[in-house]
Amino acid sequence: MTSTTVAQFTVGRMLCYAMTGICVNVMPAFMAECAPACLRGMVTSQLQMQIVVAQLVASGVNYGTSTIRSNAGWRISIGIQFVMPTLLLVLYPFIVESPRWLISRDRCEEASTSLRALRKKNVSEELIQGEINFLSQIQGNGGKGSWKEVFSGTNRRRTIAAVVVMVGQQITGQAFVSQYSVLFYKQQGYTNHFELGMIQQALGVAANLLTTLIVDSFGRRQILIIGGIANSIFLFMMGAMGTLKHPNTAESRLLVASVMIWFYFYLLSWASVPYIVLGEVATRRVVEKTSNLAVSLSVVAAFLVSFTAPYLINAPYAHLGGKVGFIYGSLSVLFVGLTWIFVPEMKGRSLEEIDALFAQKVATRKFPRANVTVAEVLTEKMEEKDVEM
């Protein structure tokens with residue numbers, strides 16, 4: 001808010017984005033470890049819900065301040081951003097630490113207290129202690145793994161799955177719509193481009209809410225594949241409309257509708273579900289390193305889309321306009337195929353069951369039908385421990 005130069009403003013934005021990167025790295029793993037298996041998708045999808053709600057609020061604030069010609073216009077927009085950090089600082093003492101993380105540090109008493117706070121009040125002490133004892137037994141490979149482990153054995157397959165969903169989340173053009181859609185609508189001759197942007201963000205909130213409700217029953221893999229196919233269709237439709245040199249009113253509306261419907265299906269699938277997969281696909285031993293790698297590549301993909309979009313869309317460069325949909329649509333098809341090959345269905349499975357399924361090298365498409373018992377989980381963990389020793 002005190003910025004007087006471009007450099008000062010840029011440094012401030014870099015600091016804000018650095019904190020966003022930390023949250024995206026930590027929160028999926030934290031929520032996956034704290035949530036019960038049957039609700040893990042719903043809980044982890046709240047990360048994207050916070051993002052889309054914030055985007056809708058930001059759109060409203062920017063719309064409201066767009067007519068203010070003084071410095072107060074941008075300072076109000078920046079100043080409102082202090083609300084959430086303040087709220088988070090106030091609520092921080094109430095955050096419960098991950099029981100799995102505490103057990104990995106041999107802090108079992110604290111883990112029991114944490115787990116008790118996370119479970120329903122009517123859960124018996126016997127069940128709480130039974131879960132703690134189970135988690136303690138499978139922490140035979142506790143501690144942090146090396147970067148070499150991220151790419152070794154069955155972890156290589158898990159790392160590929162994490163990278164596929166996180167890169168696919170960005171490379172299919174999300175930054176184009178979230179950052180340039182208002183300008184794109186303006187280029188199509190719409191004077192109500194700000195209002196169209198707000199409608200788009202509202203659709204995003206509705207889509208993410210629907211994902212929250214269905215992801216633990218419908219599944220991650222199906223949502224990614226079906227959503228990716230829908231994304232491809234509407235991106236190609238946008239590209240086809242972009243080939244018209246002098247579109248009439250109906251064709252211009254179809255172009256805008258294609259962008260908005262694509263954004264809806266994107267928020268329904270590839271916006272939130274990758275965070276869910278990221279939190280559950282990596283083994284706890286290298287979860288931080290796997291997340292760092294996948295999120296870093298996701299940031300690179302987002303930068304490539306953000307940097308190239310103006311050159312692809314506008315004159316005097318590529319001047320593709322709506323035809324950019326052909327590029328993003330083709331990438332969407334590619335990542336649907338990669339998801340089919342590498343990303344298994346993990347809904348309803350405990351993190352320990354997922355570890356056992358990967359250790360047993362169960363085929364990607366056979367995950368939903370594979371049977372795994374507590375004894376098998378413990379056996380797999382003991383074998384891992386023996387290999388490390």
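Cys34 is buried in this predicted model, with a relative accessible area of 9%, whereas Cys108 counts as partly exposed at 33% relative accessibility. A search of the whole structure finds zero disulfides, and for these two cysteines the distances in the table explain why, because each sulfur is too far from the closest cysteine sulfur for a bond; a disulfide would require a pair of cysteine sulfur atoms within 2.5 Å.

| Cysteine | Relative accessible area | Closest cysteine sulfur | Sulfur distance |
|---|---|---|---|
| Cys34 | 9% | Cys38 | 14 Å |
| Cys108 | 33% | Cys34 | 16 Å |

Turning to the interior, the largest nonpolar core holds 69 residues, of which Phe176 and Val277 touch the most other members. Helix α14, spanning residues 249–268, gives the most to this core, with nine residues. Apart from this core lies another, of nine residues, which include Leu102, Ala111, Phe134 and Leu135. When residues up to four places away in sequence are not counted, Val277 touches Val165, Arg220, Leu224, Val343 and Met346.

One helix pair can be described in some detail. The axes of helix α1 (residues 6–34) and helix α15 (residues 273–281) come within 8 Å and cross at roughly 70°, which means that α1 is roughly perpendicular to α15. The crossing of these two helices, α1 and α15, is right-handed. Where they meet, α1 contributes Val24, Pro28, Ala29 and Ala32, while α15 contributes Tyr275, Leu278, Gly279 and Glu280.

Note on methods: Residues are numbered from 1 along each chain as its sequence is written. This is a predicted model: local features need pLDDT of at least 70, side-chain atom pairs count only at pLDDT 80 or more; totals for chains, interfaces and linings use all residues. Side-chain values use heavy atoms; hydrogens and water are left out. Buried means under 20% relative accessible area, exposed over 50%, partly exposed in between (1.4 Å probe, protein chains only). A nonpolar core is a set of buried Ala, Val, Leu, Ile, Met, Phe, Trp, Tyr and Cys residues joined through side-chain atoms within 4.5 Å. Helices (H or I, at least four residues) and strands (E, at least two) are DSSP runs, numbered from the N terminus. Contact means heavy atoms within 4.5 Å. Axes are lines fitted to C-alpha atoms, for helices over the stretch in contact, and angles run from 0 to 180 degrees between N-to-C directions. Angles under 35 degrees count as roughly parallel, over 145 as roughly antiparallel, 65 to 115 as roughly perpendicular and the rest as oblique. A crossing is left-handed if the near helix is turned anticlockwise from the far one by less than a right angle, and right-handed if clockwise.
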